[in-house]
Amino acid sequence: MIQSTILRFDSIDSTNLEAIRQARACAPEGLCVVAREQTAGRGRLDRSWHSPKDAGLYLSIVLRPSLAKESWPLLPLMTGLAVGNALSKSCGLRTDIKWPNDILADGRKLCGILAETTETNNGLAAVVGIGINLAREAVPPELSDTATSIESVTGAKPDLEVVLAELLKAFAERYENLQSKDGCEHLIREWCANSSYAYDRRVRVSLQSDSFTGVTRGLESDGALRVETDEGRIRIVRAGDVTALRAQNDGSIHAE
Ligand code: BT5
């Protein structure tokens, strides 16, 4: 099982960038970078992650997975499950997962996950970054409709160290399971059982240059989302944003 050495920073540009720098400098698997604040926290597709001081848990883990390359996209899905386990244990919180890996509470985003790969002298490494909103201040006013924090949901800001310890434990267990025999199939089943988005959810899928609506129909073996379009065709989504839609009595469709 991976043992995490924790490297702590008061302030850093991005824990993912630091973990990538460490991986290139031969950091061992399991190295975990944690920062009290990020000055250039990153989301997917060059988006930013709001990371004010002491309001969230910002961390990134260096991995050197023994998995076929086509299964590496399962790493962020596995991380989403680990976050769910950790928040349940440390805060008694029930969460949902929106494909690919937003952790939601009361339908709002509580945690984001960013997985990246980098070439190193020891082979290709993966870096998995996790941002969890602990306190209300983690959520900027302009995101208050779509984002939330543990403090907003439970009424109390949790102890960062308790959440971190549970997270590293859950992560190590799930990572070991993923790399065991039938680990990938097992992960897909677990993910589908823990996400209200896996099956029969009406969604809008926004791709870089296109968007369409349809109903979710489970995951492919590499974690891609299957969506049945309104024309009855199955589309496989490997990169994109998903928004839940609800049907109105008049037949029109609105974002939830
Ligand atoms: C993500 O991207 O959700 C991945 C976020 C990963 C953040 C962690 S923090 C530790 C590590 N180091 C990093 O530099 N990053 C990782 P995406 O799905 O693209 O969502 C980004 C969008 O979420 C933004 O465009 C905002 O709309 C929204 N957002 C930004 N900050 C947020 C926050 N604190 N809470 C909720 N939503 C936020």
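Here a student and a tutor talk through the contacts in this predicted model.

Student: What makes the meeting of Arg 47 and Asp 241 a salt bridge?

Tutor: A side-chain nitrogen of Arg has to lie within 4 Å of a carboxyl oxygen of Asp or Glu. For Arg 47 and Asp 241 the N to O distance is 3.0 Å, so the pair qualifies. Between domain 1 and domain 2 the count is two salt bridges.

Student: Why is the link between the side chains of Arg 235 and Asp 210 called a polar contact?

Tutor: The cut-off for a pair of N or O atoms is 3.5 Å, and these two side chains are joined at 3.0 Å, so the name fits. Arg 235 sits in strand E11 (residues 234–237), and it also touches Leu 207, Phe 212 and Leu 225, among others.

Student: How do you know how much area is buried between domain 1 and domain 2?

Tutor: Good one! The accessible area that the two parts lose on being put together is summed over both. For domain 1 (6–194) and domain 2 (199–255), that comes to about 1,100 Å², with 59% from carbon and sulfur atoms. Trp 99, Ile 188 and Cys 192 supply 51% of the area that domain 1 buries against domain 2.

Student: And which residue classes make up the side of domain 1 that touches domain 2?

Tutor: Nine residues there are nonpolar and five are charged, with no polar ones. Trp and Cys count as nonpolar and Gly as polar, so Trp 99 and Cys 192 belong to the nonpolar class.

Terms used
Residues numbered from 1 in each chain as written. Predicted model: local features only at pLDDT ≥ 70, side-chain atom pairs only at ≥ 80, totals over all residues. Heavy atoms only, no water. Helix = DSSP H or I, 4+ residues; strand = E, 2+ residues; numbered from the N terminus. Contact = heavy atoms within 4.5 Å. Polar contact = N/O pair within 3.5 Å; in protein donor to acceptor, adjacent residues only side chain to side chain. Domains from an automatic or database assignment. Buried area = accessible area lost by both parts, 1.4 Å probe. Lists of a residue's contacts leave out its neighbours within four places in sequence.
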